[in-house]
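Here are a few exercises to work through with the structure open. Try each one yourself before reading the solution.

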Amino acid sequence: MAGVLQRFEQRLEGAVTSAFARAFRSAVQPVEIAAALQREVDNSAHVLSRDRRLVPNDFTVELSTSDHERLTPFGATLIEELSTLVDDHVREQRYTLAGPVTISFVNAPDLGTGRFRVRSKTNATVTPADAKANVARARLTNVSVEVNGQQHVVPVDGMTIGRGADVDLKIEDPGISRRHAEITVHRNGGDTTVTVVDLGSTNGVVLNGHKVSTGVVADGSEIRLGNTVLIVRVDENR
């Protein structure tokens, strides 16, 4: 761990100006944030198997108003160096990431100068099937699934979800099987019935906190596949 932090400080010294150094003479120091990110990674490691541990890849650093204002002019440089530090630490500890590392700084008025918090989550990379191939059928459904803040329309003939290349929605979550689940849509007049089906996955399908092989979902239902949560959206006006 010390080696990663030392390399971080050396890179930072070569990447910033004297104005940056003056900005950090007091209050929050970059190395403090770096060390906190490493601890967050270690403390959040989730065992996938004997040789694999999944760690967060999306980090939010909450800063006091004064520290946030002081950081803003140098945010891009610092985030780049912190991201490299996390990548180095993950590689040295042989952890597994679900997607690229992202770090953001936000203002937290409840914090005093020199205090900060680090929050993290696992955001898997999500790749939908060829949009052009699905346009015609996608227009016929009023159902979508939200993953990491992005909505993906469910085609009328269903949406397969998994980690493999032959699914409609590919999620790079190591806890998800190659063909993990399918969401189907049945319309009867003005009524819509949405169902999630486990396709024989290793880790199963959890619907609103309960493991199911098949389950009916409604608007706002949460489906957990591996370490990823999908939120079902049903637009009754369509």
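A salt bridge here is a side-chain nitrogen of Lys or Arg within 4 Å of a carboxyl oxygen of Asp or Glu. Keep in mind that the model is predicted.

**Exercise 1. Work out which residues are linked with Glu62 in a network of salt bridges.**

Solution.
- Start with the total: the rule gives seven salt bridges.
- Now take Arg117 and Asp110. Their closest N and O atoms are 3.1 Å apart, and the cut-off is 4 Å, so the pair counts as a salt bridge.
- Next, go from Arg117 to Glu62: these side chains also meet in a salt bridge, at 2.7 Å from N to O. Glu62 sits in strand S3 and Arg117 in strand S6, so this pair ties together parts that are 55 residues apart in sequence.
- Glu62 has another partner, Arg119, with the closest N and O atoms 2.7 Å apart. This pair links distant parts of the chain too, as Glu62 is in strand S3 and Arg119 in strand S6, 57 residues apart.
- Put the pairs together and you have the network: Glu62, Asp110, Arg117 and Arg119.

**Exercise 2. Sort the members of that network into buried, partly exposed and exposed.**

Solution.
- Glu62 has 12% relative accessibility, so Glu62 goes in the buried bin, where the limit is under 20%.
- Arg117, at 28%, is partly exposed.
- Arg119 is partly exposed as well, with a relative accessible area of 46%.
- Asp110 comes out at 55%, so Asp110 is exposed; the bar for that is over 50%.

**Exercise 3. Lay out the sheet that holds S3 and find what packs on it.**

Solution.
- Write down the strand order: S5-S3-S6, an open sheet of three strands with mixed pairing.
- Mark the edges. Strand S5 (102-107) and strand S6 (116-121) each pair on one side only.
- Check the twist: neighbouring strands are turned by 20° against each other on average, ignoring direction.
- Look at the S3–S5 pairing. Strand S3 (residues 58-63) runs parallel to S5, and six bridges join them; for instance, Thr60 has Ser104 in S5 as its bridge partner.
- Add the helices. Helix H3 (residues 30-43) packs on the sheet, touching S3, S5 and S6, and its direction makes about 35° with that of S6. Helix H5 (residues 75-93) lies across S3 and S5, running at about 135° to S5.

**Exercise 4. Does the span of H5 agree or disagree with 1.5 Å a residue, and what follows the helix?**

Solution.
- Get the expected span: at 1.5 Å a residue, the 19 residues of H5 should cover 27 Å.
- Compare with the model: the end C-alpha atoms of H5 are 27 Å apart, which agrees.
- List what is buried. The buried residues of H5 include Leu78, Leu82, Leu85, Val86 and His89. In general, residues three or four places apart in an α-helix point the same way, because there are 3.6 residues a turn.
- Step past the end of the helix: Arg94 follows H5, and its phi is positive, near 60°.

**Exercise 5. Find which elements have the lowest and the highest mean pLDDT.**

Solution.
- Begin with the whole chain: mean pLDDT is 86, and 87% of the residues reach 70 or more.
- Then go element by element. Helix H6 (residues 131-138) has the lowest mean, 51, and strand S14 (residues 205-207) has the highest, 97.

Notes. Residues numbered from 1 in each chain as written. Predicted model: local features only at pLDDT ≥ 70, side-chain atom pairs only at ≥ 80, totals over all residues. Heavy atoms only, no water. pLDDT = per-residue confidence, 0-100. Helix = DSSP H or I, 4+ residues; strand = E, 2+ residues; numbered from the N terminus. Pairing = 2+ DSSP bridges. Axes fitted to C-alpha atoms, helices over the stretch in contact; angles between N-to-C directions. Contact = heavy atoms within 4.5 Å. Expected span 1.5 Å × (residues − 1). Buried < 20%, exposed > 50% of the residue type's maximum accessible area, 1.4 Å probe, protein only.
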